[in-house]
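Visitor: I am new to this structure and should be grateful for a close look at a single part of it. Please take the description step by step.

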Amino acid sequence: MSVKVLTDENFEEEVLKAEGTVIVDFFATWCGPCKMMAPIVDEISEERTDVKVCKLDVDEGEDTAMEFGIMSIPTLMIFKNGEVAKTFVGVTEKDEIIAAL
């Protein structure tokens with residue numbers, strides 16, 4: 001499954017109203033650690049068809065980033081049926097993310 005690009009406009013529909021598990025990668029294009037996380041997020045999206053994987057550029061989706069209190073990037077949030085179930089801040093090992101799903 002490909003990674004869904006999120007915006008302030010589609011976040012509610014794609015994440016908060018979604019049934020099941022959704023991973024949201026809050027990132028910025030200029031962020032070095034975010035670039036390190038990108039391949040991990042992409043791998044999960046390819047391997048786990050039961051999970052919706054999304055990315056939100058915090059520079060583009062400032063309102064959503066503020067709403068969720070994103071202070072550091074990369075931040076990865078796992079939502080289950082629209083509720084935050086787990087948050088990872090910083091570069092996180094793929095195994096740790098998979099274990100949280």
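Against which elements do the buried residues of helix 2 pack?

Guide: The model shown here is predicted. In it, the buried residues of helix 2 pack against strand 2, strand 3, strand 4 (75–80) and helix 4 (94–100). The residues of helix 2 that are buried are Cys 34, Met 37, Ala 38, Ile 40, Val 41, Ile 44 and Ser 45.

The helix itself may be considered next. Its 16 residues should span 22 Å at 1.5 Å a residue, and the C-alpha atoms at the ends of helix 2 lie 24 Å apart, which agrees with that expectation. Helix 2 nevertheless has a bend of about 25° at Ala 38, and a proline, Pro 39, follows within four residues. Ala 38, the site of this bend, is also one of the buried residues of the helix.

Ser 45 merits separate attention. This residue belongs to helix 2, and it counts as buried because its relative accessibility is 3%, where buried means under 20%. The side chain of Ser 45 reaches the backbone oxygen of Asp 42 at a distance of 2.7 Å. When neighbours within four places in sequence are left aside, Ser 45 is in contact with Met 1, Val 3 and Val 53.

After the helix comes a loop. Asp 50 is placed in the loop between helix 2 and strand 3. The side chains of Asp 50 and Arg 48 are joined by a polar contact of 2.8 Å. Asp 50 and Leu 101 are 51 residues apart along the chain, and their C-alpha atoms are separated by 9.9 Å.

The strands on either side of the helix complete this part of the picture. Strand 2 (residues 21–27) pairs with strand 3 in the parallel sense, over seven bridges. Between these two strands the chain passes through helix 2 (residues 32–47), and this β-α-β crossover is right-handed. Within the pairing, Phe 26 stands opposite Leu 56 of strand 3, while Phe 27 has Asp 57 of strand 3 as its bridge partner.

Strand 2 is mostly covered, with seven of its seven residues buried. Its two faces are both covered: Thr 21, Ile 23, Asp 25 and Phe 27 are buried on one side, and Val 22, Val 24 and Phe 26 on the other. Strand 2 also pairs with strand 4, in the antiparallel sense and over six bridges. There, Asp 25 stands opposite Leu 76 of strand 4.

Strand 3 (residues 51–57) is likewise mostly covered, six of its seven residues being buried. Besides strand 2, a further partner of strand 3 is strand 1 (residues 4–6), which runs parallel to it and is joined to it by three bridges. Leu 6 has Leu 56 as its bridge partner in strand 3, and Leu 56 also stands opposite Phe 26. In summary, strand 3 pairs with strand 2 in the parallel sense and is joined by bridges to strand 1, and the buried residues of helix 2 pack against strand 3 among other elements.

How values were computed. Residues numbered from 1 in each chain as written. Predicted model: local features only at pLDDT ≥ 70, side-chain atom pairs only at ≥ 80, totals over all residues. Heavy atoms only, no water. Buried < 20%, exposed > 50% of the residue type's maximum accessible area, 1.4 Å probe, protein only. Pairing = 2+ DSSP bridges. Right-handed = clockwise from strand over helix to strand, strands pointing away. Expected span 1.5 Å × (residues − 1). Bend = angle between axes of the 7 residues up to and from the residue. Contact = heavy atoms within 4.5 Å. Polar contact = N/O pair within 3.5 Å; in protein donor to acceptor, adjacent residues only side chain to side chain.
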